[in-house]
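Student: I've got a structure to go through, and I'd like to know what earns each label its place. Can we take it label by label?

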Amino acid sequence: MQLLQYRIEIFLTLVLLVLLVISILLIRRMIGRFALLNSIEVNRRKLILNLFYLLVYVIAFAILALIWGVDFKQFAVFISSVLAVLGVGFVATWSILSNLSASVILFFSNPVRIGDKIRLLDAELDICGKVKDITGFYTMIETENGHLVSLPNSMVIQKGIQIL
């Protein structure tokens with residue numbers, strides 16, 4: 001009886017691995033097409049791919065734990081404990097999470113491209129220049145006098161941007 005149980009778990013694990021590979025290939029293909037259609041540079045595409053891969057791996061790990069017999073109630077307690085610790089950690093570093101989220105939003109909405117000349121519409125800051133790079137955490141702008149200014153991606157999302 002126990003041998004049959006292990007065979008079922010192994011079979012379900014193999015099915016999960018096949019689904020994992022298929023989902024990674026589909027994600028790579030969809031994001032690749034989106035990036036090509038919108039002329040998004042390779043480094044930004046890699047960042048978004050890595051974030052989606054992380055999400056897929058976390059989901060696959062949770063399903064794998066359930067396949068191999070981790071009790072659902074114990075698993076729920078474990079996940080809620082991990083999320084509570086992560087929540088406390090992210091409150092301390094909320095700007096990192098908000099900048100990563102803003103990077104994903106900038107990737108898919110694509111309001112600003114590298115090479116665009118922009119002006120940040122803010123009463124306190126007067127930043128005008130050419131977008132040099134958009135990374136996972138910040139957007140680099142070269143001002144008209146040659147200085148490089150890094151704006152957090154969350155600020156690029158929150159403040160108004162005028163494309164000149």
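What follows is a chat about the labels on this predicted model.

Student: Let's start with charges. Why is the contact between Lys-117 and Glu-144 called a salt bridge?

Tutor: The rule asks for a side-chain nitrogen of Lys or Arg within 4 Å of a carboxyl oxygen of Asp or Glu. Here the N to O distance is 3.3 Å, so the pair passes that cut-off. Lys-117 sits in strand 1 (residues 117-121), while Glu-144 is in the loop between strand 3 (138-143) and strand 4 (148-152), 27 residues apart.

Student: How do you know whether Lys-117 is buried, partly exposed or exposed?

Tutor: Buried means under 20% relative accessible area and exposed means over 50%, with partly exposed in between. Lys-117 has 37%, so partly exposed is the label. Its partner Glu-144 has 61% and therefore counts as exposed.

Student: What makes Asp-126 and Arg-119 a salt bridge?

Tutor: Same reasoning: their closest N and O atoms are 3.0 Å apart, and the limit is 4 Å, so the label holds. On accessibility, Asp-126 is exposed because its value is 62%, and Arg-119 is partly exposed because its value is 27%.

Student: And what makes Asp-122 and Lys-159 a salt bridge?

Tutor: The closest N and O atoms are 3.6 Å apart, so this pair also falls within 4 Å. Asp-122 is in the loop between strand 1 and strand 2 (126-134), and Lys-159 is in the loop between helix 5 (153-158) and strand 5 (160-163), so the salt bridge ties together parts 37 residues apart in sequence. Lys-159 has 30% relative accessibility, so it counts as partly exposed.

Student: How many salt bridges does the rule give overall?

Tutor: Four, including the ones we just went through.

Student: On to the sheet. How do you know that strand 3 and strand 4 are paired?

Tutor: The pairing rule wants at least two bridges. Strand 3 and strand 4 have five, in the antiparallel sense, so they qualify. One of the matches puts Tyr-138 with Pro-152 in strand 4. The two strands also form a hairpin with four residues between them, and Gly-146 in that turn has a positive phi of about 95 degrees.

Student: What makes strand 1 and strand 2 a pair?

Tutor: Again five bridges, antiparallel, against a minimum of two, so it's a pair. Lys-117 turns up again here: its bridge partner in strand 2 is Lys-130. Lys-130 in turn stands opposite Glu-142 in strand 3. Strand 2 and strand 3 are joined by five bridges and run antiparallel, with three residues between them in their hairpin.

Student: Why are strand 4 and strand 5 called edge strands?

Tutor: The open sheet has five strands in the order 4-3-2-1-5, with antiparallel pairing. Strand 4 and strand 5 each have a single partner strand, so one side of each has no neighbour in the sheet. From one strand to the next, the twist averages 40 degrees.

Student: Why is Thr-139 called buried?

Tutor: Its relative accessibility is 3%, so it counts as buried, the cut-off being under 20%. Thr-139 lies in strand 3.

Student: What makes the link between Thr-139 and Asn-153 a polar contact?

Tutor: The side chains come to 2.7 Å, and the limit for a suitable N or O pair is 3.5 Å, so the term applies.

Student: Last stop, the helices. What makes Ile-8 fit in a surface patch?

Tutor: A patch residue needs over 30% relative accessible area. Ile-8 has 41%, so it clears that bar while counting as partly exposed. It lies in helix 1 (residues 2-37). The nonpolar patch is made of Ile-8, Phe-11, Leu-12, Val-15, Val-18, Leu-19, Ile-22, Leu-26 and Met-30, with about 820 Å² of accessible area together.

Student: Why is Leu-51 called partly exposed?

Tutor: At 27% relative accessibility, Leu-51 falls between the 20% and 50% limits, so it's partly exposed. Leu-51 is in helix 2, and its C-alpha atom is 8.9 Å from that of Leu-100, 49 residues apart along the chain.

Note on methods: Residues numbered from 1 in each chain as written. Predicted model: local features only at pLDDT ≥ 70, side-chain atom pairs only at ≥ 80, totals over all residues. Heavy atoms only, no water. Buried < 20%, exposed > 50% of the residue type's maximum accessible area, 1.4 Å probe, protein only. Patch = residues over 30% accessible without salt bridge, like charges linked within 9 Å, V, L, I, M, F, W, Y side chains within 5 Å. Areas by Shrake-Rupley, 256 points an atom, 1.4 Å probe, with all protein chains shown as cover. Axes fitted to C-alpha atoms, helices over the stretch in contact; angles between N-to-C directions. Polar contact = N/O pair within 3.5 Å; in protein donor to acceptor, adjacent residues only side chain to side chain.
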